[in-house]
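Trainee: I would like to learn how labels such as "buried" or "edge-to-face" are justified. Could we go through one structure and test the words against the values?

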Amino acid sequence: MADTTDNRPRSTAAGTVLGAAAVTSGLLAGVFLIFACAVMPALARSDDRIYVEVMRDINDVIQNPLFLGVPALTALAAWQLRAAPGRGRVWAALAASVLAFAVTVVVNVPLNDALARPGDPAALREHFEDPWVTWNVVRTVLTTLATVFLTAALPRARRPLPTAAADVPRHPALR
(Lines give C-alpha, C1' and ligand atoms only; values in the text may rest on other atoms or scores of the structure.)
Protein backbone atom coordinates (compact mmCIF):
# COMPACT_ATOMS: atom_id res chain seq x y z
CA MET A 1 0.00 0.00 0.00
CA ALA A 2 1.37 3.42 -0.94
CA ASP A 3 1.95 6.06 1.70
CA THR A 4 -0.63 8.80 1.12
CA THR A 5 0.47 11.02 3.99
CA ASP A 6 0.83 14.58 2.75
CA ASN A 7 3.49 16.28 4.85
CA ARG A 8 3.45 19.45 2.78
CA PRO A 9 2.23 22.60 4.46
CA ARG A 10 -1.24 23.84 3.69
CA SER A 11 -1.88 26.02 0.72
CA THR A 12 0.44 29.00 0.66
CA ALA A 13 -2.57 31.04 -0.48
CA ALA A 14 -4.40 30.25 2.77
CA GLY A 15 -1.31 31.09 4.80
CA THR A 16 -0.82 34.31 2.86
CA VAL A 17 -4.44 35.38 3.41
CA LEU A 18 -4.19 34.52 7.11
CA GLY A 19 -0.93 36.48 7.38
CA ALA A 20 -2.44 39.44 5.53
CA ALA A 21 -5.47 39.36 7.83
CA ALA A 22 -3.17 39.36 10.88
CA VAL A 23 -1.08 42.26 9.55
CA THR A 24 -4.04 44.41 8.51
CA SER A 25 -5.81 43.68 11.78
CA GLY A 26 -2.70 44.76 13.68
CA LEU A 27 -2.40 47.92 11.61
CA LEU A 28 -6.03 48.81 12.24
CA ALA A 29 -5.66 48.11 15.96
CA GLY A 30 -2.69 50.48 15.85
CA VAL A 31 -4.75 53.20 14.18
CA PHE A 32 -7.43 52.90 16.85
CA LEU A 33 -4.78 52.81 19.60
CA ILE A 34 -3.08 55.96 18.28
CA PHE A 35 -6.42 57.73 18.45
CA ALA A 36 -7.03 56.44 22.00
CA CYS A 37 -3.55 57.26 23.32
CA ALA A 38 -2.47 60.33 21.37
CA VAL A 39 -4.91 61.99 18.96
CA MET A 40 -7.95 62.29 21.21
CA PRO A 41 -6.02 63.26 24.38
CA ALA A 42 -4.18 65.93 22.36
CA LEU A 43 -7.41 67.22 20.87
CA ALA A 44 -8.99 67.28 24.34
CA ARG A 45 -6.62 70.16 25.12
CA SER A 46 -8.05 72.22 22.23
CA ASP A 47 -10.88 74.70 22.36
CA ASP A 48 -14.23 73.57 20.96
CA ARG A 49 -13.86 75.21 17.54
CA ILE A 50 -10.41 73.71 16.90
CA TYR A 51 -11.53 70.31 18.21
CA VAL A 52 -14.51 70.19 15.85
CA GLU A 53 -12.53 71.48 12.85
CA VAL A 54 -9.69 68.98 13.30
CA MET A 55 -12.05 66.03 13.83
CA ARG A 56 -14.00 67.02 10.73
CA ASP A 57 -10.75 67.13 8.74
CA ILE A 58 -9.67 63.73 10.10
CA ASN A 59 -13.07 62.22 9.32
CA ASP A 60 -12.86 63.52 5.75
CA VAL A 61 -9.57 61.74 5.04
CA ILE A 62 -9.62 58.62 7.22
CA GLN A 63 -12.35 56.63 5.50
CA ASN A 64 -10.56 53.97 3.49
CA PRO A 65 -10.82 50.28 2.51
CA LEU A 66 -8.67 49.13 5.45
CA PHE A 67 -11.74 49.24 7.69
CA LEU A 68 -13.60 46.74 5.50
CA GLY A 69 -10.48 44.83 4.47
CA VAL A 70 -9.83 43.35 7.91
CA PRO A 71 -13.14 41.50 8.30
CA ALA A 72 -13.09 40.55 4.61
CA LEU A 73 -9.59 39.03 4.78
CA THR A 74 -10.42 37.35 8.08
CA ALA A 75 -13.61 35.87 6.61
CA LEU A 76 -11.66 34.56 3.62
CA ALA A 77 -9.04 33.04 5.95
CA ALA A 78 -11.79 31.44 8.07
CA TRP A 79 -13.34 29.90 4.97
CA GLN A 80 -10.00 28.68 3.61
CA LEU A 81 -9.04 27.14 6.96
CA ARG A 82 -12.50 25.87 7.89
CA ALA A 83 -11.23 22.29 8.41
CA ALA A 84 -7.75 23.17 9.66
CA PRO A 85 -6.32 22.95 13.16
CA GLY A 86 -6.64 26.31 14.86
CA ARG A 87 -9.75 27.28 12.92
CA GLY A 88 -11.48 28.28 16.17
CA ARG A 89 -8.93 31.04 16.59
CA VAL A 90 -9.62 32.35 13.11
CA TRP A 91 -13.38 32.25 13.75
CA ALA A 92 -12.86 34.10 17.06
CA ALA A 93 -10.82 36.70 15.16
CA LEU A 94 -13.59 37.02 12.60
CA ALA A 95 -16.17 37.60 15.33
CA ALA A 96 -13.99 40.28 16.95
CA SER A 97 -13.25 42.06 13.68
CA VAL A 98 -16.90 41.99 12.57
CA LEU A 99 -17.91 43.43 15.95
CA ALA A 100 -15.29 46.19 15.60
CA PHE A 101 -16.57 46.96 12.10
CA ALA A 102 -20.15 47.01 13.42
CA VAL A 103 -19.16 49.47 16.18
CA THR A 104 -17.57 51.67 13.53
CA VAL A 105 -20.66 51.60 11.30
CA VAL A 106 -23.31 51.79 14.01
CA VAL A 107 -21.66 54.19 16.47
CA ASN A 108 -18.53 56.01 15.28
CA VAL A 109 -19.60 56.90 11.74
CA PRO A 110 -22.97 58.34 12.86
CA LEU A 111 -21.13 60.38 15.50
CA ASN A 112 -18.74 61.61 12.79
CA ASP A 113 -21.70 62.49 10.56
CA ALA A 114 -23.38 64.43 13.40
CA LEU A 115 -20.15 66.33 14.02
CA ALA A 116 -20.04 67.32 10.34
CA ARG A 117 -23.38 69.12 10.58
CA PRO A 118 -23.45 72.87 11.21
CA GLY A 119 -23.89 73.94 14.79
CA ASP A 120 -22.34 75.40 17.88
CA PRO A 121 -18.88 73.79 18.32
CA ALA A 122 -19.38 73.39 22.09
CA ALA A 123 -22.70 71.57 21.63
CA LEU A 124 -21.31 69.42 18.81
CA ARG A 125 -18.29 68.45 20.89
CA GLU A 126 -20.43 67.72 23.95
CA HIS A 127 -22.50 65.22 21.95
CA PHE A 128 -19.47 63.69 20.20
CA GLU A 129 -16.37 63.46 22.38
CA ASP A 130 -17.12 61.06 25.24
CA PRO A 131 -19.14 58.48 23.27
CA TRP A 132 -16.69 58.51 20.35
CA VAL A 133 -13.68 58.03 22.63
CA THR A 134 -15.41 55.24 24.57
CA TRP A 135 -16.44 53.32 21.48
CA ASN A 136 -13.03 53.83 19.91
CA VAL A 137 -11.54 52.02 22.91
CA VAL A 138 -13.99 49.18 22.29
CA ARG A 139 -12.81 49.02 18.65
CA THR A 140 -9.20 49.05 19.83
CA VAL A 141 -9.77 46.11 22.16
CA LEU A 142 -11.72 44.13 19.55
CA THR A 143 -9.18 44.60 16.76
CA THR A 144 -6.34 43.82 19.15
CA LEU A 145 -8.11 40.59 20.13
CA ALA A 146 -8.62 39.76 16.46
CA THR A 147 -4.90 40.32 15.85
CA VAL A 148 -3.95 38.07 18.78
CA PHE A 149 -6.26 35.29 17.55
CA LEU A 150 -5.01 35.55 13.96
CA THR A 151 -1.39 35.55 15.04
CA ALA A 152 -1.99 32.54 17.28
CA ALA A 153 -3.56 30.69 14.33
CA LEU A 154 -0.55 31.21 12.04
CA PRO A 155 1.63 28.32 13.28
CA ARG A 156 -1.31 25.90 13.34
CA ALA A 157 -2.26 26.82 9.78
CA ARG A 158 1.18 25.71 8.58
CA ARG A 159 0.75 22.14 9.90
CA PRO A 160 0.41 19.37 7.35
CA LEU A 161 -3.02 18.48 6.07
CA PRO A 162 -4.49 15.39 7.72
CA THR A 163 -5.05 12.30 5.58
CA ALA A 164 -6.46 8.86 6.27
CA ALA A 165 -2.93 7.41 6.36
CA ALA A 166 -1.92 10.02 8.93
CA ASP A 167 -4.36 8.40 11.37
CA VAL A 168 -2.44 5.10 11.28
CA PRO A 169 0.09 4.89 14.12
CA ARG A 170 3.64 4.68 12.80
CA HIS A 171 6.99 4.15 14.38
CA PRO A 172 8.67 7.55 15.08
CA ALA A 173 11.62 6.67 12.86
CA LEU A 174 9.27 6.28 9.87
CA ARG A 175 7.59 9.66 10.23
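Mentor: What follows is a set of questions about the labels used for this predicted model.

Trainee: What makes up the secondary structure of the chain?

Mentor: The chain has five helices and zero strands. Read from the N terminus, the elements run α-α-α-α-α. Of its 175 residues, 35% count as buried.

Trainee: Why is Tyr51 called buried?

Mentor: Buried means under 20% relative accessible area. Tyr51 has 0% relative accessibility, so Tyr51 counts as buried. Phe128 has 1% and therefore gets the same label.

Trainee: What label does Glu129 get, buried or exposed?

Mentor: Glu129 is at 16% relative accessibility, and the limit for buried is under 20%, so Glu129 counts as buried. Its place is in helix 5, residues 121-157. Leaving aside neighbours within four places in sequence, Glu129 is in contact with Ala44 and Tyr51.

Trainee: Why is Thr104 called buried?

Mentor: Thr104 has a relative accessible area of 10%, which is under 20%, so the label is buried. Thr104 is found in helix 4, residues 87-116. Neighbours within four places aside, its contacts are Phe32, Val109, Pro110 and Arg139.

Trainee: Why is Ala95 called partly exposed?

Mentor: Partly exposed covers the values between buried, under 20%, and exposed, over 50%. Ala95, also in helix 4, has a relative accessible area of 41%, so Ala95 is partly exposed. Its C-alpha atom is separated by 9.8 Å from that of Leu145, and the two residues are 50 residues apart along the chain.

Trainee: And what makes Pro131 partly exposed?

Mentor: The reasoning runs as before. Pro131 has a relative accessible area of 28%, which falls between the limits of 20% and 50%, so the label is partly exposed. Pro131 is found in helix 5. The C-alpha atoms of Pro131 and Leu111 are separated by 8.2 Å, with their positions 20 residues apart along the chain.

Trainee: How do you know that the span of helix 2 agrees with what is expected?

Mentor: Helix 2 takes in residues 48-62, which is 15 residues, and at 1.5 Å a residue it should span 21 Å. Its end C-alpha atoms are 21 Å apart, so the two values agree.

Trainee: Why can the buried residues of helix 2 be said to line one face?

Mentor: The buried residues are Tyr51, Val52, Met55, Ile58 and Asn59. Seen down the axis of helix 2, they fall within an arc of 130°, so they line one face of the helix. An α-helix has 3.6 residues a turn, so residues three or four places apart point the same way. The face of helix 2 turned away from the buried side carries the exposed residues Asp60 and Val61. At the start of helix 2, a side-chain oxygen of Asp47 comes to within 3.0 Å of the backbone nitrogen of Arg49.

Trainee: How do you know which side of helix 3 is buried?

Mentor: In helix 3, residues 66-80, the buried residues are Phe67, Val70, Pro71, Thr74, Ala77 and Ala78. They cover an arc of only 125° around the axis, which puts them on the same side of helix 3. The face turned away from that side carries the exposed residues Leu68 and Trp79.

Trainee: How many aromatic pairs are there, and why is the pair of Phe35 and Trp132 called tilted?

Mentor: The count comes to three aromatic pairs. The ring centres of Phe35 and Trp132 are 5.7 Å apart, and a pair needs centres within 6.5 Å. Their planes are at 55°, neither under 30 nor over 60 degrees, so the pair is tilted. Phe35 lies in helix 1 and Trp132 in helix 5, so the pair ties together parts that are 97 residues apart in sequence. Phe35 and Trp132 are both buried.

Trainee: What makes the pair of Tyr51 and Phe128 edge-to-face?

Mentor: The angle between the planes is 70°, and over 60 degrees counts as edge-to-face. The distance is 6.3 Å centre to centre. Tyr51 is in helix 2 and Phe128 in helix 5, 77 residues apart, and the pair links distant parts of the chain. Phe35, Tyr51, Phe128 and Trp132 form one aromatic cluster.

Definitions and conventions:
Residues numbered from 1 in each chain as written. Predicted model: local features only at pLDDT ≥ 70, side-chain atom pairs only at ≥ 80, totals over all residues. Heavy atoms only, no water. Helix = DSSP H or I, 4+ residues; strand = E, 2+ residues; numbered from the N terminus. Expected span 1.5 Å × (residues − 1). Buried < 20%, exposed > 50% of the residue type's maximum accessible area, 1.4 Å probe, protein only. Arc of directions from axis to C-beta. Polar contact = N/O pair within 3.5 Å; in protein donor to acceptor, adjacent residues only side chain to side chain. Contact = heavy atoms within 4.5 Å. Phe/Tyr/Trp six-rings, centres within 6.5 Å; stacked < 30°, edge-to-face > 60°.
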